[in-house]
Amino acid sequence: MKIHRLLLIAVLLNARSVQAQTSTEEPGETLQLSPFVVTTGEDRGYSAGSNVTGVRYVPETPLPQLPSVPVTLIKRADAVVIQFALSNSVDKQDARNKQLSAAIDAIAAAIKTASGLKLEHQEVRLTSGDRRGSFIGKGGVVTSFANIAVIAEISTEMRLYERVKQVRDLVDGAKLSGETKLLDGPVGLFVRRPNDSRKELLGKIFEDLEVVKKGLGSDFEVLVGGLSQGIHMRACSESEVELWIDYSFSIRSVRELEAKKNNAKT
């Protein structure tokens, strides 16, 4: 329980930022969590600083990015994505690739024993050629590898760290064939079609625009810009993400504009 508590504290303290990507049958985005890890390009999301509490491996990620605008949306994540890497460097090509393929099949079978889990093959590379000997020694290492991800639905009944632990226990319990090695990778919150929230975001931005106009009065003109930008995201809790657009207001004096027009006429 001590590791679990540390893990939860680390998630709550460090889960912030933007950028990464994982896809299922429907387009979606992954927000990598710290101490696990989050990601994005256009309309995507979240990366946090690395932290090794409670996990075996976490890559370095960019510094956190926070919204610089007052209007944001908080949405519940659709799932959590747990990534894994497998490798096998056995000398013989046939043995190497068979062992790696068998290990993937074993993990897939283990994942099927629990509900709400889906295995996704992100990249599988089965290399050809044997590692040959020489007068000095053996040649370079030939490695086959695979990057896989488990997409796990999250609910209010099961906390994030419990879901991650469940998946990792299932994967760790799978019998890996031969000399195949397994490495834990980043964990992220998965969001389906974040761009679906654009209409709601724009509505709230224009509400904010009207408040600004009312506060400044008729002596000022307020224009809004940046609305065509992509949606940014960050994890703001262990099961929620914050979405925003980097919009901006441009405020101009109506009297000054009228004076410029009059000067241009004369």
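Start with aromatic rings: by the pairing rule used here, this predicted model has a count of one aromatic pair. Select Y247 and F249 to see the pair. Their ring centres sit 5.5 Å apart and the planes make an angle of 55°, so the pair is tilted. Now show the surface and look at each partner in turn. Y247 is buried, at a relative accessible area of 7%. F249, on the other hand, is partly exposed, with 27%.

**Zoom out**

Next, select the whole chain and colour by secondary structure. You should find five helices and 10 strands. How much of the chain counts as buried? Of its 266 residues, 42% do. Switch to a surface view and you are looking at about 14,500 Å² of accessible surface, 51% of which belongs to carbon and sulfur atoms.

**Strand β10 and a nonpolar patch**

Now go to residues 248-253, which make up strand β10. Click on I251, which lies in that strand. Is I251 buried, exposed or partly exposed? At 46% relative accessibility, I251 counts as partly exposed, since the class covers values between 20% and 50%.

Keep I251 selected and add L216 and F220. The three form a nonpolar patch on the surface, and together they have about 250 Å² of accessible area. Try a distance between C-alpha atoms here: I251 and L216 are 35 residues apart along the chain, and their C-alpha atoms are separated by 9.2 Å.

**One step along: E221 and R252**

Stay in β10 and select R252, then add E221. The side chains of these two meet in a salt bridge, with 2.5 Å from N to O. This pair links distant parts of the chain: E221 belongs to strand β7 (residues 220-225) and R252 to strand β10, with their positions 31 residues apart. Check the surface again and you will see that both ends have some exposure. E221 is partly exposed at a relative accessible area of 28%, and R252 counts as partly exposed at 35%.

**More salt bridges**

How many salt bridges does the structure hold? There are 10, and two others are worth a stop.

- Select E123 and R125. They form a salt bridge whose closest N and O atoms are 3.3 Å apart. E123 counts as partly exposed at 31% relative accessibility, and R125 does too, at 45%.
- Select R193 and D196. Here the closest N and O atoms of the salt bridge are 3.1 Å apart. D196 counts as exposed, with 56% relative accessibility, while R193 is partly exposed at 37%.

**Two loop stops**

Don't leave R193 yet. This residue is in the loop between β6 (181-192) and α4 (198-216). Ask your viewer for backbone angles: phi of R193 is near 40°, a positive value in a residue that is not glycine.

Then go back along the chain to G178. Where is G178 found? In the loop between α3 (160-173) and β6. With the surface on, G178 counts as exposed, at 57% relative accessibility, because the exposed class takes in values over 50%. Now add Q99 to the selection. G178 and Q99 are 79 residues apart along the chain, yet the separation of their C-alpha atoms is 5.7 Å.

**Last stop: helix α5**

Finish by selecting residues 254-265, which is helix α5. Draw a line between the C-alpha atoms at its two ends and you should read 17 Å. Why does that distance fit a helix of 12 residues? At 1.5 Å a residue, α5 should span 16 Å, so the two values agree. While you have a helix on screen, here is a handy tip for reading side chains: an α-helix has 3.6 residues a turn, so residues three or four places apart point the same way.

Turn the surface on once more. How many of the residues of α5 are buried? The count is zero among its 12 residues, and the helix is hardly covered. Now look at the start of α5 and select S253 along with R255. A side-chain oxygen of S253 reaches to within 3.5 Å of the backbone nitrogen of R255.

Methods:
Residues are numbered from 1 along each chain as its sequence is written. This is a predicted model: local features need pLDDT of at least 70, side-chain atom pairs count only at pLDDT 80 or more; totals for chains, interfaces and linings use all residues. Side-chain values use heavy atoms; hydrogens and water are left out. Helices (H or I, at least four residues) and strands (E, at least two) are DSSP runs, numbered from the N terminus. The expected span of a helix is 1.5 Å times one less than its number of residues. Buried means under 20% relative accessible area, exposed over 50%, partly exposed in between (1.4 Å probe, protein chains only). A polar contact is a pair of N or O atoms within 3.5 Å; within protein, one must be able to donate a hydrogen and the other to accept it, and residues adjacent in sequence count only if both atoms are side-chain atoms. Rings of Phe, Tyr and Trp (its six-membered ring) pair if their centres lie within 6.5 Å; planes under 30 degrees apart count as stacked, over 60 as edge-to-face and the rest as tilted. Accessible areas come from the Shrake-Rupley method with a 1.4 Å probe; for residues, only the protein chains shown count as cover. Patches are made of residues with over 30% relative accessible area and no salt bridge: like charges are joined within 9 Å, nonpolar side chains (Val, Leu, Ile, Met, Phe, Trp, Tyr) within 5 Å. A salt bridge is a side-chain nitrogen of Lys or Arg within 4 Å of a carboxyl oxygen of Asp or Glu.
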